[in-house]
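Reader: I would like a close look at one part of this protein, the strand at the start of the chain. Please describe its setting and then go through its residues and its partners.

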Amino acid sequence: MAYWLYKSEPSSWSWEQQKAAGSKGTEWTGVRNYLARNNMRAMKIGDKGFFYHSNEGLEIVGIVEVSALSHPDSTAKDDPRWDCVDIRAAMDMPKPVTLKDIKSNPKFEKMSLVTSMRLSVQPVTDEEYFEICRLGGLDNPPKSPD
């Protein structure tokens, strides 16, 4: 299975805006980091991920899913290096899981959110995904396809 984490500053693009985009979802544009781009190129339709409010809030507030595979980023003009995926809101996190909660839990010491703070699109292991869902009050979280 594949799980991901998408970081966004709520003043630029918030969880509420992501939910308002509806079932069609929206492009996850503006990523200008090769590792983050490569992460998006590896995604599959239906992969789940966390929506993380960075800078303001510092917490996981929802779960999204990939609704369109990697394609040219519409904000990259004529620069073919940059891709994006489309994501749509899947569900709210009943209880937001804060960065402080994650950093204080030894189960997450190797998590990209802890070790690669600046990376805007990150992989999340199965174990990390299900533990964060548990901390967030999700007993039966949505799963990525096999």
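**Strand β1 and its surroundings**

Author: Read from its start, the chain runs through the pattern β-α-β-α-β-β-β-α-α-β-α. That makes five helices and six strands. The model is a predicted one.

Some overall values give the setting. The chain has 146 residues and a radius of gyration of 14 Å, which agrees with the value near 15 Å for a compact globule, so the chain fits that description. Along the principal axes, its C-alpha atoms fill a box of roughly 45 × 35 × 30 Å. Of the 146 residues, 46% count as buried. Among contacts between residues at least 6 apart in sequence, 69% join residues at least 24 apart. The chain exposes about 7500 Å², and carbon and sulfur atoms supply 51% of that area.

Now to the strand itself. Strand β1 covers residues 3-8, and six of its six residues are buried. In a regular strand the side chains alternate between the two faces of the sheet. In β1, Y3, L5 and K7 point one way, while W4, Y6 and S8 point the other way. Residues on both sides are buried, and K7 and S8 are included in this.

β1 has partners in two senses. With strand β3 (residues 48-53) it runs parallel, and six bridges join the two. In this pairing Y3 stands opposite K48 of β3. With strand β6 (residues 121-124), β1 pairs in the antiparallel sense over four bridges. Here W4 stands opposite P123 of β6.

Other strands pair elsewhere in the chain. Strand β4 (residues 59-72) and β5 run antiparallel and are joined by ten bridges, with E59 opposite T98 of β5. Strand β5 (residues 83-98) also pairs with strand β2 (residues 26-27), in the antiparallel sense and over two bridges. In that pairing T26 stands opposite I87 of β5.

Two cysteines may interest a biochemist. C84 has 0% relative accessibility and therefore counts as buried. C133 is likewise buried, because its relative accessible area is 0%. The structure holds zero disulfides.

Last, the record. An unreviewed UniProt entry carries the annotation "domain: EVE" for residues 2-134. In the model, the end C-alpha atoms of residues 2-134 lie 18 Å apart, and the span is 24% helix and 36% strand.

Methods
Residues are numbered from 1 along each chain as its sequence is written. This is a predicted model: local features need pLDDT of at least 70, side-chain atom pairs count only at pLDDT 80 or more; totals for chains, interfaces and linings use all residues. Side-chain values use heavy atoms; hydrogens and water are left out. Two strands pair if DSSP finds at least two bridges between them. UniProt positions are given in the numbering used here, feature names are shortened, and annotations may be inferred rather than shown by experiment. A disulfide is a pair of cysteine sulfur atoms within 2.5 Å. Buried means under 20% relative accessible area, exposed over 50%, partly exposed in between (1.4 Å probe, protein chains only). The radius of gyration is taken over C-alpha atoms; the globule rule is 2.2 Å times the number of residues to the power 0.38. Contact means heavy atoms within 4.5 Å. Accessible areas come from the Shrake-Rupley method with a 1.4 Å probe; for residues, only the protein chains shown count as cover.
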